[in-house]
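Biologist: I have the sequence and the model open side by side, and I would love a close look at one part of it. Please pick a single stretch, tell me what surrounds it, and take your time.

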Amino acid sequence: YHQYSFQLDYAVSGGGSGYSAPTFTAKQFGSSYTPTLGTSLTTYWLDSGQSWSVTNPLSGSGFNEQWISGQTVSSTVSSSSPATAGGTLTFTYQNQWKVTFSQTGVDSSAGSNTVLTVGLTPYAYDALPSGVYVDSGTTFSWTSTVSGGSGKQFVKTGGSGNSPISAAGTYSATYWTQYQ
């Protein structure tokens, strides 16, 4: 019968408010511990082979915000559960916003041509992300001129929302059709 000592730490990066603290759960006994925001968990004992988990993602205010964890684990601890050695586990949370992208004016003649790029991911007119979470600070850009095939193009005439993303919401663009 062995017990291992873990110290759990977490930090929150990004902006926002109204989120809940992460919860550490030792699954063998169903016990859990929720720290006060801005503090670290102190030493927590786990039995050999005892499973553990940390809340991921955290819920934000109004379901338009969430926090995801990038886990950093010391070299003496396996990053997977169950516990096999002692050490320090560190969880850093990154803010994400729920966003929807929409456009008007581009039709199926645009095919798979890029209308929007979010981060490094391009999207065609019929594949715009809707109700997805993106990291705070993610950039996006609408293509100013989208080909509509032979003798046709769509020119961006307006849009809403600012890049980089710093809030939940709908980001849109309006296009006008031009013919050669």
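Modeller: Happy to! One definition before we begin: two strands pair if DSSP finds at least two bridges between them. Please also keep in mind that this is a predicted model. The part I would pick is strand β14, which covers residues 152–160.

Let's begin with the partners of this strand. On one side of the pairing list is strand β13 (residues 145–147), which pairs with β14 in the antiparallel sense over three bridges. If you want a spot to click on, try valine 146, whose bridge partner in β14 is phenylalanine 154. β13 and β14 form a hairpin with four residues between the strands, and in this hairpin glycine 149 takes a positive phi near 100°. The other partner to look at is β15, which runs antiparallel to β14 and is joined to it by eight bridges. Here a useful place to look is glycine 159, which stands opposite alanine 173 in β15.

Next, go to lysine 152, which sits in β14. Its side chain meets that of aspartate 107 in a salt bridge, with 2.9 Å from N to O. As a general point, side chains of opposite charge can pair when their charged atoms come close. The structure holds one salt bridge. The two ends come from distant parts of the chain: lysine 152 belongs to β14, while aspartate 107 lies in the loop between β8 and β9, 45 residues apart. Are the two ends buried or exposed to the same class? Lysine 152 counts as buried because its relative accessible area is 17%, under the 20% cut-off. Aspartate 107, at 30%, counts as partly exposed. Leaving aside neighbours within four places in sequence, lysine 152 is in contact with Asp107, Ser109, Ser147, Thr177, Gln178 and Tyr179.

A little further along the strand you will find valine 155, also in β14. With a relative accessible area of 21%, valine 155 is partly exposed. Valine 155 and threonine 177 are 22 residues apart in sequence, yet their C-alpha atoms are 6.4 Å apart in space. Beyond its neighbours within four places in sequence, valine 155 is in contact with Ser144, Thr145, Thr174, Tyr175, Trp176 and Gln178.

Tyr175 is a good stepping stone to the wider surroundings. The largest nonpolar core has 18 residues, and Tyr175 is among those with the most contacts inside it, together with Val99, Phe101, Leu116, Phe140, Trp142 and Ile165. Strands β8 (87–104), β9 (114–118), β12 (140–142) and β15 (169–179) each supply at least two residues of this core.

One more residue rounds off the picture: glutamine 103, in strand β8. Glutamine 103 is buried, at 15% relative accessibility, and its side chain reaches the backbone nitrogen of valine 106 at 3.0 Å. Not counting residues up to four places away in sequence, glutamine 103 touches Val115, Tyr125, Leu128, Trp142, Ala173 and Tyr175. Ala173 brings us back to where we began, since alanine 173 in β15 is the residue that glycine 159 stands opposite.

Notes
Residues are numbered from 1 along each chain as its sequence is written. This is a predicted model: local features need pLDDT of at least 70, side-chain atom pairs count only at pLDDT 80 or more; totals for chains, interfaces and linings use all residues. Side-chain values use heavy atoms; hydrogens and water are left out. A nonpolar core is a set of buried Ala, Val, Leu, Ile, Met, Phe, Trp, Tyr and Cys residues joined through side-chain atoms within 4.5 Å. Buried means under 20% relative accessible area, exposed over 50%, partly exposed in between (1.4 Å probe, protein chains only). A salt bridge is a side-chain nitrogen of Lys or Arg within 4 Å of a carboxyl oxygen of Asp or Glu. Contact means heavy atoms within 4.5 Å. A polar contact is a pair of N or O atoms within 3.5 Å; within protein, one must be able to donate a hydrogen and the other to accept it, and residues adjacent in sequence count only if both atoms are side-chain atoms.
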